[in-house]
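Student: Pick one part of this model and take me through it closely, please. I'd like the distances and the cut-offs along the way.

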Number of protein chains: 2
Amino acid sequence: MDTAELIITEAHGLIQSHGYHGFSYQDLADRLGIRKPSIYHHFPSKADLGRAVVARYRAKIGAVATQIKIAGDIEPWSALSLYVAPLAEIGRTPDQACLCAVLGGEYLVLPSAMQDEVAAFYRDQIAFVTELLDRGRRIGAFQFRGEPAAMARLAFAAIEGGMAIKRALDDTSFFDGILATLRQVLGGDGN
Amino acid sequence: MDTAELIITEAHGLIQSHGYHGFSYQDLADRLGIRKPSIYHHFPSKADLGRAVVARYRAKIGAVATQIKIAGDIEPWSALSLYVAPLAEIGRTPDQACLCAVLGGEYLVLPSAMQDEVAAFYRDQIAFVTELLDRGRRIGAFQFRGEPAAMARLAFAAIEGGMAIKRALDDTSFFDGILATLRQVLGGDGN
DNA sequence: GTCTATACAAAGATAGAC
DNA sequence: GTCTATCTTTGTATAGAC
């Protein structure tokens with residue numbers, strides 16, 4: 001893997017646990033076993049690096065959604081499980097959280113390029129969940145009242161909020177519980 | 001109002017928008033029109049101040065819950081509205097968020113006294129909502145399936161998550177929408 | 001209780017050699 | 001592409017006068 005990619009990976013981990021303002025190029029250099037100025041060769045400023053980290057994460061999570069959309073006829077409950085899988089994995093760890101759940105707290109003091117990426121992430125995800133819920137209910141798989149868009153916002157807010165809360169409560173099953181309750185709300189007895 | 005209280009108030013505002021690591025005693029001094037060392041007279045360290053800010057917020061939100069519990073026979077939908085009112089007010093602003101929604105992102109790099117306060121806040125709130133939902137369903141006001149505790153966790157996660165997301169989406173009605181959908185999930189057509 | 005002055009460390013960043 | 005050396009600013013904090 002090339003160095004830039006390694007830097008992004010390590011930075012992702014640091015932001016996820018420490019926040020954007022909670023990590024420094026020095027932390028990064030220590031973990032990578034290189035010197036601070038070497039990082040500047042790849043990312044001329046911390047804001048550039050931050051933007052790259054969120055952009056890659058957005059692309060990664062977005063790719064899952066895209067694959068589900070391409071195979072347009074996946075059974076809605078399965079599609080939901082597929083979509084939620086990478087988030088659930090993060091949710092089961094004691095110290096990680098969705099990158100954008102962490103950055104949401106710092107939003108107003110983020111470099112503007114990062115703000116744009118974070119906002120785009122939220123919008124993408126809510127749009128995808130909206131589509132999924134809409135189709136699922138039309139087909140008869142989901143049963144909930146109200147607008148799919150409204151339910152999607154609730155679901156996504158709970159996912160992001162759950163990520164933040166579970167670390168403080170030190171309960172690795174907290175997030176899975178949120179997901180299970182969400183499934184129940186969507187009308188089945190779960191999966 | 002005494003100076004310590006003024007400092008806490010100003011610090012609360014700064015943390016709410018900038019996060020704990022995003023504000024300094026200098027920022028605070030500028031806003032208060034005093035000098036940095038004067039703040040140290042009241043709060044010997046930034047961690048002390050941070051703890052005091054969260055403690056006061058926790059007491060404030062907790063007081064609402066306590067009042068509702070004392071008057072034990074309030075109609076559940078009204079009790080919910082009362083409880084949610086101060087949060088809804090924050091939610092309607094473009095740049096504020098629940099203090100603990102912001103601090104959740106920074107949780108792992110918070111001074112441990114602050115971590116304790118934040119975790120206690122989450123626990124308090126979830127416990128209160130659990131009680132409220134439980135009683136409400138017994139009485140027949142709410143109609144949802146599953147454990148009250150599970151539904152309370154979902155509701156509270158959505159509240160905290162919604163606070164963070166709405167700032168990025170720059171949509172002042174986003175949070176009210178979350179609340180409305182939550183009411184719908186609890187079984188009525190809203191209020 | 002508030003001030004001036006200052007210590008000390010860390011952060012973001014650049015210059016220029018290899 | 002990575003290094004050493006260095007600059008500048010900011011952040012947390014203390015000493016001690018008023």
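Tutor: Let's start with DNA strand C: H3(B) supplies the largest share of the surface near this strand, 4 residues. Keep in mind that this is a predicted model, where local features need pLDDT of at least 70 and side-chain atom pairs count only at pLDDT 80 or more, while totals for chains, interfaces and linings use all residues, and side-chain values use heavy atoms, with hydrogens and water left out. As for labels, residues are numbered from 1 along each chain as its sequence is written, and chains are lettered from A and ligands numbered from 1 in the order in which they are written.

"Near" here means that a residue has a heavy atom within 4 Å of the strand. Helices are DSSP runs of H or I with at least four residues, numbered from the N terminus. With that in hand, helix H3 (36-42) of chain B shares the job with helix H2 (25-32) and helix H3 (36-42) of chain A, each of them giving at least two residues to the surface near DNA strand C. In total, 16 residues surround this strand, and A:Tyr40, A:Lys46, B:Arg35, B:Ser38 and B:His42 are the closest. Of the strand C atoms that come within 4 Å of the protein, 56% are sugar and phosphate.

Sorted by class, that surface has 6 nonpolar, 7 polar and 3 charged residues. (Nonpolar covers Ala, Val, Leu, Ile, Met, Phe, Trp, Tyr, Cys and Pro; charged covers Asp, Glu, Lys and Arg; the others, Gly among them, are polar.)

Now the polar contacts, meaning pairs of N or O atoms within 3.5 Å. On strand C, a backbone N or O atom of B:Arg35 is 2.7 Å from a phosphate oxygen. A:Tyr25 also uses a polar backbone atom, 3.5 Å from a phosphate oxygen of strand C, whereas B:Thr3 brings a polar side-chain atom to 3.5 Å from a phosphate oxygen of that strand.

Over on DNA strand D, H3(A) gives the most to the nearby surface, with 4 residues. Both H3 of chain A and H3 of chain B put in at least two residues there. This strand is surrounded by 15 residues, the closest being A:Arg35, A:Ser38, A:His42, B:Lys36 and B:Lys46. By class you get 6 nonpolar, 6 polar and 3 charged. Sugar or phosphate makes up 54% of the strand D atoms within 4 Å of the protein, and bases make up the rest.

What do the individual atoms do on strand D? A polar side-chain atom of A:Ser38 lies 2.5 Å from a phosphate oxygen, and a backbone N or O atom of B:Tyr25 is 3.4 Å from a phosphate oxygen. B:Lys36 goes for a base instead: one of its polar side-chain atoms lies 3.4 Å from a base oxygen of strand D.

One last thing to zoom in on is Lys46. The charged end of A:Lys46, listed among the closest residues to strand C, sits over the ring of A:Tyr20, 4.6 Å from its centre. In chain B, B:Lys46 is among the closest to strand D and lies over the face of B:Phe23, 4.7 Å from the ring centre. (Over a ring means NZ of Lys or CZ of Arg within 6 Å of the ring centre and within 35 degrees of the ring normal.)

Methods
A polar contact is a pair of N or O atoms within 3.5 Å; within protein, one must be able to donate a hydrogen and the other to accept it, and residues adjacent in sequence count only if both atoms are side-chain atoms.
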